[in-house]
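I opened this entry to keep track of what I looked up, beginning with charges and rings and ending with a pair of helices.

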There are 2 protein chains.
Amino acid sequence: MHLFYTPDLSPQESLHTLGAEESRHAAGVLRLRAGERVRLTDGRGAWCEAEILPDSSAREVRVRIVAREAEHGRKPYRLHVAIAPTKNSDRYEWFLEKATEIGVDRITPLLCEHSERKAVRRDRGEKIVLSAVKQSLKAYVPRLDELTTFRDFLADTYIYKYRFVAHCDEATPLQERVELSGAMEAADEKEFCVLIGPEGDFSPAEIAAAKEGAGFVPVSLGESRLRTETAGVMAAAMAQLAARTAHR
Amino acid sequence: MHLFYTPDLSPQESLHTLGAEESRHAAGVLRLRAGERVRLTDGRGAWCEAEILPDSSAREVRVRIVAREAEHGRKPYRLHVAIAPTKNSDRYEWFLEKATEIGVDRITPLLCEHSERKAVRRDRGEKIVLSAVKQSLKAYVPRLDELTTFRDFLADTYIYKYRFVAHCDEATPLQERVELSGAMEAADEKEFCVLIGPEGDFSPAEIAAAKEGAGFVPVSLGESRLRTETAGVMAAAMAQLAARTAHR
């Protein structure tokens, strides 16, 4: 059954009209006809089964909701990944797709001192995130922020009880550095914010600001030296596994 | 320091000549000169620091080994991922890169009943694996097999004590299905073989052959519905985390 994104879905109304783009996709591309069943989500946990109505047009596909579920597949944790987009934008966009598939709640592209990429196309990123949401049948659409400077981002992170910064600075003594999965498992509330730096890593000043200034704990993402986008995906994988391990 | 792959590295000899391709890369592309230091690995755990010698040419870069380490960064587990290459070869090649970065020992591309891709270029795959090895500074090069039919592959898997098959067949009752990370943590020896099916999943006959015939345990890779290549990367992430969790 095909999944359609309908952010304006009403919690009460049983009749709904798909947006222009989704209508075109349903009627034009997929050639769905009256009587056929589809899935709808508002991207905030609502998960509906609906039937296409006869009074639909190629521009406006109208549906009747026949079953409704709230908080569909809600994760037992929240993860906010702030990551410096890679020089090669394919790698950053690949991260957006994979983190969405595995599970992430919010992504902030970071502008850091050593960033080689100084601009990202948010609209493009949102399309990638949304198609990954549909492909992996999720009822929650991760929030994708505008490119944010590292300093501005730090200022807003106090809301997270658990704040981690992943960086490959070999000068950091191991004892000063916990392992992300371990730290996540140990956490009493599962609300995480993880910072991931650019190819050139965070600058010493940025690390200091994160550690001393904003109380971020330096963490390791494992023994391997990972590319930026791989580190982002490992963070998503670790959060999922840590939350599930803690549940056992 | 740049890493060069020298499979013919001798365990005793202190003098070594880089192969044609590596020599061209060192002298031509990187313009390394006599006296400069480089790293060498034989892809089987040897990890050397070497100095470029004056009698090097653009075709033959000669080095003197100044420091040598065995089993560099050896993982506390072994992972063999057998995966059906995706219809879109970029996705399969992306898996090769990421699994290598995160950690895998052997990869077998599988030809399954529902496979949409019936051929893969092993030489291309090996290049991708090797560049990921160099990028992530590893001393072990994962083995990449030729495309193998599902049945032929099963016949050789008895060597693995822990055999898992990941598939999305919703008909599999949950209690029949363990979670990969949990199963890996519980394992006494860390030698895993994980099967990952094509876009169309394994056929019921293939699942039966793996379960009843070859003793594979059906496992879940988490709540999310993952693409083939993402499932492969999750398996690599889970193995690393499970082995480390078990170590704690």
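I began with the arginines beside aromatic rings, bearing in mind that this is a predicted model. In chain B, I found the charged end of B:Arg163 over the ring of B:Phe216, at 5.9 Å from the ring centre. I then turned to chain A, where the charged end of A:Arg163 sits over the ring of A:Phe216, with 6.0 Å to its centre.

Next I looked up the aromatic pairs, and the count over all chains came to seven. I noted that the ring centres of A:Phe150 and A:Phe202 lie 5.2 Å apart with the planes at 45 degrees, so I entered the pair as tilted, since stacked would need planes under 30 degrees apart and edge-to-face over 60. On placing the two residues, I found A:Phe150 in helix α4 (residues 150–155) of chain A and A:Phe202 in the loop between β12 (191–196) and α6 (204–213) of chain A, so that the pair ties together parts 52 residues apart in sequence. Are these two residues buried or exposed? I have A:Phe150 down as buried, and A:Phe202 likewise.

For chain B I made the corresponding entry: the rings of B:Phe150 and B:Phe202 have centres 5.2 Å apart and planes at 45 degrees, so this pair is tilted. B:Phe150 belongs to helix α4 (residues 150–155) of chain B, while B:Phe202 lies in the loop between β12 (191–196) and α6 (204–213) of chain B, so here too the pair ties together parts that are 52 residues apart in sequence. I noted both B:Phe150 and B:Phe202 as buried.

I also recorded one aromatic cluster in chain A, formed by A:Tyr162, A:Phe164 and A:Phe192.

I then stepped back to chain A as a whole, in which I find seven helices and 13 strands. Its C-alpha trace spans about 65 × 40 × 30 Å along the principal axes, and 54% of its 248 residues count as buried. Of the contacts in chain A between residues at least 6 apart in sequence, 76% join residues at least 24 apart.

Last, I looked at helix packing in chain B, where α2 (residues 89–102) and α3 (residues 122–135) pack at an angle of about 30 degrees with their axes 8 Å apart. I entered the crossing of α2(B) and α3(B) as right-handed. Among the residues that make the contact are B:Leu96 and B:Glu97 of α2(B) and B:Ile128 and B:Val129 of α3(B). By character, I divided the residues of this contact into five nonpolar, three polar and four charged.

Notes. Residues are numbered from 1 along each chain as its sequence is written. Chains are lettered from A and ligands numbered from 1 in the order in which they are written. This is a predicted model: local features need pLDDT of at least 70, side-chain atom pairs count only at pLDDT 80 or more; totals for chains, interfaces and linings use all residues. Side-chain values use heavy atoms; hydrogens and water are left out. Axes are lines fitted to C-alpha atoms, for helices over the stretch in contact, and angles run from 0 to 180 degrees between N-to-C directions. Helices (H or I, at least four residues) and strands (E, at least two) are DSSP runs, numbered from the N terminus. A crossing is left-handed if the near helix is turned anticlockwise from the far one by less than a right angle, and right-handed if clockwise. Contact means heavy atoms within 4.5 Å. Ala, Val, Leu, Ile, Met, Phe, Trp, Tyr, Cys and Pro count as nonpolar, Asp, Glu, Lys and Arg as charged, and the others, Gly among them, as polar. Rings of Phe, Tyr and Trp (its six-membered ring) pair if their centres lie within 6.5 Å; planes under 30 degrees apart count as stacked, over 60 as edge-to-face and the rest as tilted. Buried means under 20% relative accessible area, exposed over 50%, partly exposed in between (1.4 Å probe, protein chains only). A charge sits over a ring if NZ of Lys or CZ of Arg is within 6 Å of the ring centre and within 35 degrees of the ring normal.
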